[in-house]
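Dear colleague,

I am passing a structure on to you, together with some notes on what was found in it. Please look through the sequence and the model first, and then read on.

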Amino acid sequence: MTSTIPPVGTELAPLRHVPTNLQLFRYSAVTWNAHRIHYDQDYASFEGHPGVLVHSHLHAALMLRLVTERLGSEWAVRDVAYRMRHSSVPGTELIESARVVESTPDRVVLEVAEHDANGNLCLEGTVVAVRRS
Amino acid sequence: MSDAVHPLLQRYYELARERIGRRSWHDRGVVDARTIARYAVAIGSSDQIHFDPEHARAAGYEDVVAPPNFLASIFDWTEGQPEDRLNPDGTDADAERSGELSGLRGMGAGEEMEILQPLVAGTHVIEEVELVDVVMKHGSRGYSVFVTQQHTFSSGAGDVLNINRRTVVVRAPHEEER
């Protein structure tokens, strides 16, 4: 946890993560998501995907883990906006990154991105964090 | 790949457009600490504010607190349909992409989320859902329909916790792209 205010231009230490089939199963289970593209290889292929797909909300959760774990508990995520640009499959490493673009004592704005190990941009967006009172 | 709009996608687009502005309210029940902890495990988090009430209270929360996109991520808040009533892709047969439209493919495209209060264990959650936009677009993979719903989550006491606008992209059946 950090108590300092990250200045504009700060790059948060990236979060690297490799989703697994087991993780996708547990994410589907806890969110009660029966969509077969996330756990059924044959069905995912039938729909034209290269394999079962990492959930868009799991991509977002990993990006938000980067923000909350790097900023620490003195900050709370207030606003999030992101677009999915590329799907990914288990076994492919995802790299979450964030850069501070605005910074005041009570508010930090970050540009966030997620790339896969092949260099594809999977997710891009903005997160606003506010200092908890 | 044909450059024409697939008839199923066109039909879905027309039906979805008719529902713009419709709202519904749902009692989602009480979110418990176990579910929050399981969600945290599923995303790979080990932050103790999601698991340990004492740790969460020391950090200023009333109880264990959910990761930021927990509320937005729950795909189905109900007990779910029996398997023989699900669409071929596993989604709810009562949803809009059912019956003649069940061959359409959908996936998450993005989201805008405003988190007004943290979700802590024991909160009774009420959800309001409104279909706010349905747009047909043409891109490198042919035509797609982008459907945006606004989900407003409130506590049982009436405090707004989280507002998110979630977009799903719907595409024609895969074989039709060949």
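To begin with the lining of the second largest pocket, its residues divide into 22 nonpolar, 13 polar and seven charged. Please keep in mind throughout that this is a predicted model.

The second largest pocket holds about 790 Å³ of space, and 42 residues line it. Those that lie nearest its centre are Tyr61(B), Val65(B), Ala66(B), Pro118(B) and Leu119(B). Both chains appear among the elements that give two or more residues to this lining: helix 3 (56-71) and strand 2 (75-84) from chain A, and helix 4 (70-73), strand 3 (123-139) and strand 5 (160-171) from chain B. Helix 3 of chain A supplies the largest share, with five residues. Tyr61(B), which is one of the residues nearest the centre of the pocket, also has a charged partner, since the charged end of Arg132(A) sits over the ring of Tyr61(B) at 3.9 Å from its centre.

Strand 5 of chain B, already mentioned for the pocket lining, has pairing partners that may help you to find your way around the sheet. With strand 2 (residues 105-115) of chain B, strand 5 of chain B pairs in the antiparallel sense over 10 bridges, and here Gly106(B) stands opposite Val170(B). With strand 4 (residues 142-155) of chain B, strand 5 of chain B again runs antiparallel, joined by 11 bridges, and in this case Ser154(B) stands opposite Val160(B). Strand 4 and strand 5 of chain B form a hairpin with four residues between the strands, in which Gly158(B) takes a positive phi near 95°. In chain B there is also a charge placed over a ring, with Lys137(B) lying over the face of Phe146(B) at 4.6 Å from the ring centre.

Next come the aromatic contacts, of which the count over all chains comes to four pairs. The rings of Tyr43(A) and Phe46(A) have centres 5.6 Å apart and planes at 45°, and the pair is therefore tilted, as the angle falls neither under 30 degrees nor over 60. Both residues belong to helix 2 (residues 41-46) of chain A, where they are three residues apart, about one turn of the helix. Tyr43(A) has a relative accessible area of 8%, so that it counts as buried.

A second pair, formed by Tyr39(B) and Phe70(B), is edge-to-face, with 5.3 Å from centre to centre and 85° between the planes. This pair links distant parts of the chain, given that Tyr39(B) lies in helix 2 (residues 33-42) of chain B and Phe70(B) in helix 4 of chain B, 31 residues apart. Are these two rings buried or exposed? Tyr39(B) is buried, with a relative accessible area of 0%, and Phe70(B) is buried as well, with a value of 1%. Ring pairs also bring in Tyr27(A), which is linked with Tyr39(B) and Phe70(B) into a cluster.

Finally, one backbone angle deserves a look: phi of Trp32(A) is near 50°, a positive value in a residue other than glycine. Trp32(A) is placed in the loop between helix 1 (21-30) and helix 2 of chain A, and with a relative accessible area of 45% Trp32(A) is partly exposed.

With best regards

Key: Residues are numbered from 1 along each chain as its sequence is written. Chains are lettered from A and ligands numbered from 1 in the order in which they are written. This is a predicted model: local features need pLDDT of at least 70, side-chain atom pairs count only at pLDDT 80 or more; totals for chains, interfaces and linings use all residues. Side-chain values use heavy atoms; hydrogens and water are left out. On a 1 Å grid over the protein atoms alone, a cavity is a set of points where a 1.4 Å probe fits but cannot get out, and a pocket is an open set with protein on both sides within 12 Å along at least five of seven lines; lining residues have an atom within 4 Å of a point. Grid points are joined across faces, edges and corners, and a volume is the space filled by probe spheres set on the points. Ala, Val, Leu, Ile, Met, Phe, Trp, Tyr, Cys and Pro count as nonpolar, Asp, Glu, Lys and Arg as charged, and the others, Gly among them, as polar. Two strands pair if DSSP finds at least two bridges between them. Rings of Phe, Tyr and Trp (its six-membered ring) pair if their centres lie within 6.5 Å; planes under 30 degrees apart count as stacked, over 60 as edge-to-face and the rest as tilted. Buried means under 20% relative accessible area, exposed over 50%, partly exposed in between (1.4 Å probe, protein chains only). A charge sits over a ring if NZ of Lys or CZ of Arg is within 6 Å of the ring centre and within 35 degrees of the ring normal.
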